[in-house]
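User: Got a new model to go through. Can you walk me through the fold and a few residues?
Analyst: Sure, here it is.

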Amino acid sequence: MINNVKSEKAIQIVLRALRRIDHRLTDHGERVAYILYMLLVNSDKYSEKKIIDICVLGLFHDIGAYKTEDINSFEFFEQEDYCKHSIYGYLHLKYFSPLKKLANTVLYHHFDYQTMKQIGCDNKDIINLLYFADKLDNYLQLNGEKYLEKYLCKHDGEMFAKDNINLFWQANKKGDLLRNYFNGDYLKIILEIFENAKISRNSLRDYLKMLVFSIDFKSEYTVTHSVKTAYISVALAQKLKLPKSNIYNIYYAALVHDLGKIKTPKEILNKNGKLAMWEMQKMQEHVLETEKIIKNCVNDDIYKIAISHHEKLDGKGYPYGLRAVDLDISQRVLAVADIISALTDERSYKESFAVSKVNTILGKMASENKICGKVVQVQIENQKAIMDFAQRASAKILGKYLDIKKEYTILKVRLPSIAKNADCSEKNT
């Protein structure tokens with residue numbers, strides 16, 4: 001596989017996208033990841049790769065809150081109603097990330113040291129570390145360094161493992177943990193760590209998918225649309241006999257083309273009916289938001305393909321009013337695939353269109369010089385093979401959604417029960 005996306009920028013793309021929902025959780029995640037890193041490098045238990053993986057977990061440990069919580073009630077869900085976002089975050093990482101084996105750390109990240117001693121599960125040491133870093137950040141944000149030593153002594157061996165407290169003081173003495181934390185240098189440190197991390201191509205692909213599935217926090221339709229568009233694009237490109245490099249670029253561009261919708265209000269994304277003019281303008285902004293998220297983080301071809309999927313050959317598309325001369329075959333493929341996917345998707349405001357009707361619409365648009373006639377002809381001539389391929393591939397994603405919903409229902413009952421049986425002291429923190 002060619003280097004479609006700059007691996008050192010994979011985490012940055014995810015952060016850019018999530019920050020567009022609410023920066024408070026990403027700010028908290030960055031600080032927790034920094035604290036974890038400073039603790040881990042002063043321990044001799046973990047490899048360099050494991051340290052990076054744990055820091056990524058710290059970065060995204062509250063990712064479920066984007067889906068399940070009122071983020072304006074941040075302090076409330078951190079202290080009282082942690083189960084929902086812990087469960088959803090765990091499931092998101094388990095099914096849609098390269099960190100499956102460590103995902104349970106997010107499930108239990110609100111369980112203190114004494115509680116975890118009573119629970120049988122893997123990764124206890126990492127769970128204790130994440131819990132400590134999470135609570136330490138909350139304390140420092142509220143109190144600064146005031147009474148910190150007293151606070152840690154009070155909870156030594158109870159809320160927090162003694163070893164983790166010792167690691168903290170060691171890291172602070174050797175690496176100026178608190179100084180970097182309060183002067184803001186922690187952010188530079190943590191971003192350099194991720195930029196220098198060696199991320200495998202498979203992990204890179206999984207992080208991109210994790211990002212695409214994060215749009216689920218706003219709209220399940222958008223996720224399935226992005227995935228379906230990717231596979232329709234691939235099928236069209238293969239029928240056009242495009243080079244493999246083009247096909248890879250089209251695939252990744254299709255995956256990320258609607259990332260900007262992560263900032264589009266839910267009531268617009270999921271509106272049951274025609275959008276008002278101002279709503280349509282707000283919807284169209286998703287392309288510019290996508291551009292901000294992926295700029296300088298993917299190769300130039302992916303970038304151009306992704307941000308031009310609403311351009312038209314006659315220059316009447318958006319956001320830049322490009323014309324036929326500006327749009328190459330890869331850009332034209334994604335534009336057509338996006339329309340096919342949208343028309344054959346079932347939405348809150350419409351039923352799925354039959355492929356015959358879709359082809360009629362495409363033919364009309366091609367005759368009006370809106371989209372590429374050559375690509376449309378390939379779709380019409382190979383409609384069954386293209387749609388069968390896209391449906392089969394997309395079905396795997398829908399299956400994961402069903403699995404998540406089932407497991408979420410089970411864990412929503414089970415997790416509070418585990419906490420209660422273990423005499424969880426979370427409410428006292």
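Analyst: One definition before we start: two residues are in contact when heavy atoms lie within 4.5 Å. Also, this is a predicted model.

User: Fine. Among contacts between residues at least 6 apart in sequence, what share joins residues at least 24 apart?
Analyst: In this protein, 71%.

User: How many helices and strands?
Analyst: There are 24 helices and zero strands.

User: And how compact is the protein, against a globular one of that length?
Analyst: As compact as one. The radius of gyration is 24 Å, and the globule rule gives 22 Å for 429 residues, so the two are close.

User: What does the C-alpha trace span along the principal axes?
Analyst: About 75 × 40 × 40 Å.

User: Burial next. What percentage of the residues is buried?
Analyst: Of the 429 residues, 56% are buried. The exposed surface comes to about 19400 Å². Carbon and sulfur atoms supply 50% of that area.

User: Charges? How many positive and negative side chains are there?
Analyst: The protein carries 64 positive and 54 negative side chains. The centres of the two sets are 5 Å apart.

User: Switching to cysteines. How many disulfides turn up?
Analyst: Zero, over the whole structure.

User: Why does C55 have no bond?
Analyst: Distance. The closest cysteine sulfur to that of C55 belongs to C297, and it is 19 Å away, too far for a bond. A disulfide needs the sulfur atoms within 2.5 Å.

User: Is C55 buried or exposed?
Analyst: Buried. Its relative accessible area is 0%. C121 is partly exposed, at 21%. The cut-off for buried is under 20%, so C121 misses it.

User: Now T105. Which helix holds it?
Analyst: Helix α7, residues 104-107. T105 is buried, with 0% relative accessibility.

User: What does T105 touch, leaving out residues up to four places away in sequence?
Analyst: L57, N123, I126, I127 and L130.

User: And N128, where does that lie?
Analyst: In helix α9, which covers residues 124-143.

User: Buried or exposed, for N128?
Analyst: N128 counts as buried, at 10% relative accessibility.

User: Which residues is N128 in contact with, setting aside neighbours within four places in sequence?
Analyst: Y113, M116 and N164.

User: Give me a quick recap of the two residues.
Analyst: T105 sits in α7 and has 0% relative accessibility. N128 sits in α9 and has 10%. Both values fall under the 20% cut-off, so both residues count as buried.

Note on methods. Residues are numbered from 1 along each chain as its sequence is written. This is a predicted model: local features need pLDDT of at least 70, side-chain atom pairs count only at pLDDT 80 or more; totals for chains, interfaces and linings use all residues. Side-chain values use heavy atoms; hydrogens and water are left out. Buried means under 20% relative accessible area, exposed over 50%, partly exposed in between (1.4 Å probe, protein chains only). Helices (H or I, at least four residues) and strands (E, at least two) are DSSP runs, numbered from the N terminus. The radius of gyration is taken over C-alpha atoms; the globule rule is 2.2 Å times the number of residues to the power 0.38. Accessible areas come from the Shrake-Rupley method with a 1.4 Å probe; for residues, only the protein chains shown count as cover. Lys and Arg count as positive and Asp and Glu as negative; His and the chain ends are not counted. The place of a charge is taken as NZ of Lys, CZ of Arg, CG of Asp or CD of Glu.
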